[in-house]
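Please open the structure in your viewer and keep the selection tool at hand. This tour proceeds by stops, each with something to select and something to examine.

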Amino acid sequence: MKNILFASSECVPFIKTGGLADVVGSLPKYYNSKKYDVRVVLPKYDCMDQKWKEKMEYVEHFYIHIAGQDQYVGILKCVLDKIIFYFIDNEYYFGGHAPYEGDPKWNIEKFAFFSKAVLSILPVIEFRPDLIHCHDWQTGLVPVYLDNFRYLGEYYRGIKTIMTIHNLKFQGVWDTQTVQQITELPDYYFVPDKMEAYHDANLLKGGIVYADKVTTVSQTYAEEIKTPFYGEGLDGLMMARSNDLCGIVNGLDYNEYCPFKDKNIAKRFTVDTFKRNKVLNKLALQEELGLEKDSKVMLIGIVSRLTDQKGFDLIECIMDELCQDAVQIVVLGTGDPKYENMFRHFAWKYSGKVSANIFYSEELSHKIYAASDAFLMPSLFEPCGLSQLMSLRYGTLPIVRETGGLKDTVEPYNEYEKTGTGFSFQNYNAHEMLNIIRYAQSIFYDKKRDWNKIIERAMQQDFSWKNSAKQYEQLYESLLGK
């Protein structure tokens, strides 16, 4: 039996700000429990729901030295879905209203404390991991402190680490002198081939340099981040570590996103019944949102943060043109006020044809995945992306740009070979996107049989966590042996 410890700043269902929480909350449940004892360690945020705090039991407490003072480290634990979760308690650092509030320096100090505490609790909880799986910059110091702790004695020697990058844009950067004072690590770590990057200290870089393996959340993104455009200043380091770098696509919780069990949608359906039942979801959504009721019109769904990264500058360029076509568009999400107002404007201008829902609702998102014919996701970059996996699951064909996880999970339709699960375009160009949307329309309206075959292939894809867990297990075996 191998011991694996996940270290993360967030995890479903305890605390969530983004996709990282879904990964850390889902993945441990899918490992082979006969081979791996997987546990998770998190900060105990004051802003967590009270019901989770009530389930935690006190284990022990002690003090560690960080940022020039002694700090309390409380350890609590709870068991959920047969997985043991540990929580590190310290009100000074984790007492705020949100996990990442305050200035960057404060967040760096908070997660330096967390990283040091993760290693410090191990002898106390009597769980010595063979491998610590670290997620994003907030745990970047775990491999660095582990290297430093190895000098303190036998206990920490031989523990392996994996650093998973969920989004390279966020790195935990602050001036070197301050970070050195906070971490109390020796000068030796603050040089250009270790934690220093462009005269600042970079926590994620430290994690990448010292981890035994580095992963990211899709194969294409693993290649992209070796280039200056996607590399966020660390492309040289990614090239240097390319032998230890691999991409594993995130999974989707197939119980939560399940068209034949989903309680949120008007009519459930399977790959055998979608021709009859999927359209009933469209009619129900059209009625709910005040769109013209028409079972035959092509409905395009968008569920997203409304930001440049997600390609909304492209949509802005062609929105008026697209609205001339025989399509309806439904949008759900919040973000940049510029794009929020753009969709409000078009919903007013093309009333009955465009529905702008500038808020977030889990229930409505499920209805959009189930009701739409196509799902538009033209991202500038997308490390993995989950929306395209959800739309495939519901037989809603993704129209995506070929980047990151979108390229790895959506196979473009080939009308000659009769293959593919969606539609894609290559260059970040508004009219190239419009052309592929119009190509999808031509298949939808003129080749209905082909369209239905694409839906069948899309719904038969397997992007469940079981698949991802298998690949992570192979990676662990390459480090630890069977």
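A residue is called buried when its relative accessible area is under 20%, exposed when that value is over 50%, and partly exposed in between. Please bear in mind throughout that this is a predicted model.

**First stop: a covered strand**

Select strand S13, residues 298-303. How many of its residues are buried? The count is 6 of 6, and the strand is mostly covered. In a regular strand, the side chains alternate between the two faces of the sheet. Colour Met298, Ile300 and Ile302 to mark one side of S13, then Leu299, Gly301 and Val303 to mark the other. Both faces are covered, for every one of these residues is buried.

**Second stop: the neighbours of S13**

Add strand S14, residues 327-332, to the selection. S13 and S14 run parallel and are joined by 6 bridges. Which residue of S14 is the bridge partner of Gly301? It is Val330. Now show helix H13, residues 312-322: together with S13 and S14, this helix makes a right-handed β-α-β unit.

Next, select strand S16, residues 374-377, which also pairs with S13 in the parallel sense, over 2 bridges. Gly301 has a bridge partner here as well, namely Phe375.

**Third stop: an open sheet**

Move to the three strands S8, S10 and S9, which form an open sheet in that order with antiparallel pairing. Strand S8 (173-175) and strand S9 (196-197) are the edge strands, each pairing on one side only. Strand S10, residues 200-202, pairs with S9 over 2 bridges in the antiparallel sense. To view one such bridge, select Ala197 and its partner in S10, Asp200.

Helix H7, residues 176-183, packs on this sheet and touches S8, S9 and S10. The direction of H7 makes about 100° with that of S8. Then display helix H8, residues 203-210, which lies across S9 and S10 and runs at about 55° to S10.

**Last stop: the cysteines**

How many disulfides does a search of the whole structure find? The result is 0. Select Cys47, which is in no disulfide; the nearest cysteine sulfur, that of Cys11, is 14 Å away. Cys47 is partly exposed, at 29% relative accessibility.

Finally, select Cys258, which is buried with a relative accessible area of 2%. Why does Cys258 form no bond with Cys384, which holds the closest cysteine sulfur? The two sulfur atoms are 20 Å apart, which is too far for a bond, since a disulfide requires sulfur atoms within 2.5 Å.

How values were computed: Residues numbered from 1 in each chain as written. Predicted model: local features only at pLDDT ≥ 70, side-chain atom pairs only at ≥ 80, totals over all residues. Heavy atoms only, no water. Buried < 20%, exposed > 50% of the residue type's maximum accessible area, 1.4 Å probe, protein only. Pairing = 2+ DSSP bridges. Helix = DSSP H or I, 4+ residues; strand = E, 2+ residues; numbered from the N terminus. Contact = heavy atoms within 4.5 Å. Axes fitted to C-alpha atoms, helices over the stretch in contact; angles between N-to-C directions. Right-handed = clockwise from strand over helix to strand, strands pointing away.
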